[in-house]
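Please examine the structure shown here with attention to its ligand, its internal spaces and its backbone. The account below takes the backbone first and the ligand site afterwards.

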Amino acid sequence: MNLAGKDLVSIRDLTKEEIFFILRKADEMLPFASGKKKTRALEGKILATLFFEPSTRTKMSFETAMHRLGGDVIGFSEPAMTSIKKGETLADTVKIVDSYSDIIVIRHSMEGAARLAAEFADSPVINAGDGAGRHPTQCLLDLFTIMKEKKKIEGLKVALVGDLRYGRTVHSLAYALALLGAELVFVSPESLKMPKEIVNDCRELGAEPRSLTNLERAIKDVDVIYVTRIQKERFPDPTEYKKVVGSYKIDMDLLRHAKDDVIVMHPLPRVNEIDPEVDRTKHALYFRQAFYGVPVRMALLSLLLGVDVR
Ligand code: NCD
């Protein structure tokens, strides 16, 4: 399988086989990701990170991934300090950065920004989140976390909880889980339901997602609880945000209603969706999940750059 030169704008750009191929590669990256083994496989290669929106994990795990592979990183996370402030278009910025680097990672508040960047760049472009659109690399690391913990995806029952309307991670994940044969339960306030197009895509893939508002009932027999933050910054009306903030909270009381081996995941940052008491339990997977961003992004960088890591 050859992914060299490809863009990753949406998880839909990948087949089932390609997804599993990347996850297997990520597994091989684990000893390099933790620093136990060393490699200079991407020496001389440059990753450009264009962050038009805040990021901690995505940006730093891409940087860590590139450094662990022996490559270099350039980029910005303060667009106000670049020529964009002077009115340069995204297309021009991308064309220039393309000539400085070998692979580009972009996060932007506008849906479709990564697709546009991919059109203007010759190098591979990776979408690190486009508005309320998609977040395919988060999706891959979410799938990797589930595989590591549960050894399979097909047949698992997964509850996606919280802001399913504006949360880009769940947009990508719902599609991928349906593609890989998981059973889906969507849990959200009425006003933050999963967009119809995504529900329809899941149906076309053979999944019959259930939509619920009651968290306690929804999690009874699930294997994975995937919690998301209410995406405050995407609400056109702050009073609408106030109505739904704090809708769901995962705490010890709630977990008594769940299976003994349920895992709790969260793309992070959390605000108040998970009680810190849960952190110490065997259910809490979110910190390991964040670490898995490194091996998964190492796998992606090396595969899209067409370099074998040994
Ligand atoms: C998510 C994002 O940016 O969409 N964060 C991340 O990449 N881990 C989730 C969020 O911001 O709530």
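Lys-151 is placed in the loop between α5 and β5 (157-161). The model is a predicted one, and in it the phi angle of Lys-151 is near 65°, a positive value in a residue other than glycine. In general, most residues other than glycine have a negative phi, and most peptide bonds are trans. A second backbone feature concerns the peptide bond between Leu-268 and Pro-269, which is cis, with omega about 5°. Pro-269 belongs to the loop between β9 (263-265) and α11.

The two residues of this cis bond lead to the ligand site. Leu-268 and Pro-269 are both among the residues that surround the ligand, and Pro-267 is another. The remaining members of the shell are Thr-58, Arg-107, His-135, Gln-138, Arg-168, Thr-169, Arg-229 and Gln-231. By residue class, this shell divides into 3 nonpolar, 5 polar and 3 charged residues.

Which side chains place an N or O atom within 3.5 Å of a ligand oxygen? In Arg-168, an N or O atom of the side chain is 2.7 Å from an oxygen atom of the ligand. For Gln-231, the distance between a polar side-chain atom and a ligand oxygen is 2.8 Å. Arg-107 also has a polar side-chain atom facing such an oxygen, at 3.1 Å. The ligand on its own has 320 Å² of accessible area, and the protein covers 93% of that area.

Where does the ligand sit? Its place is in the largest pocket. This pocket has a volume of about 400 Å³. Its lining comprises 21 residues, and those closest to the pocket centre are Arg-107, Arg-168, Arg-229, Leu-268 and Pro-269. Two elements, α2 and α6 (168-179), give two or more residues to this lining. The lining of the largest pocket is made up of 4 nonpolar, 10 polar and 7 charged residues. Arg-107 and Arg-168 therefore appear in two roles, as residues closest to the pocket centre and as partners in contacts within 3.5 Å of a ligand oxygen.

The enclosed spaces form a separate topic. The model contains 3 cavities of 30 Å³ or more. In the largest cavity there is about 120 Å³ of space. It is lined by 14 residues, of which Thr-228, Ile-230, Gly-246, Asn-272 and Glu-273 are the closest to its centre. The lining of the largest cavity divides into 7 nonpolar, 5 polar and 2 charged residues.

The second largest cavity has a volume of about 50 Å³. Its lining consists of Arg-57, Thr-58, Gln-138, Leu-141, His-266, Pro-267, Gln-289, Ala-290 and Arg-297. In terms of class, these are 3 nonpolar, 4 polar and 2 charged residues. At least two of the lining residues come from each of α2 (57-68), α5 (136-150) and α11 (286-291). Which residues of this lining also belong to the ligand shell? Thr-58, Gln-138 and Pro-267 are found in the lining of the second largest cavity and also around the ligand.

Conventions. Residues numbered from 1 in each chain as written. Predicted model: local features only at pLDDT ≥ 70, side-chain atom pairs only at ≥ 80, totals over all residues. Heavy atoms only, no water. Near = heavy atom within 4 Å. Polar contact = N/O pair within 3.5 Å; in protein donor to acceptor, adjacent residues only side chain to side chain. Areas by Shrake-Rupley, 256 points an atom, 1.4 Å probe, with all protein chains shown as cover. 1 Å grid on protein atoms, 1.4 Å probe; cavity = no way out; pocket = protein on both sides within 12 Å on 5 of 7 lines; lining within 4 Å. Sits in = over half its atoms within 2 Å of the grid points. Nonpolar A, V, L, I, M, F, W, Y, C, P; charged D, E, K, R; others polar. Points joined across faces, edges and corners; volume = space filled by probe spheres on them. Helix = DSSP H or I, 4+ residues; strand = E, 2+ residues; numbered from the N terminus.
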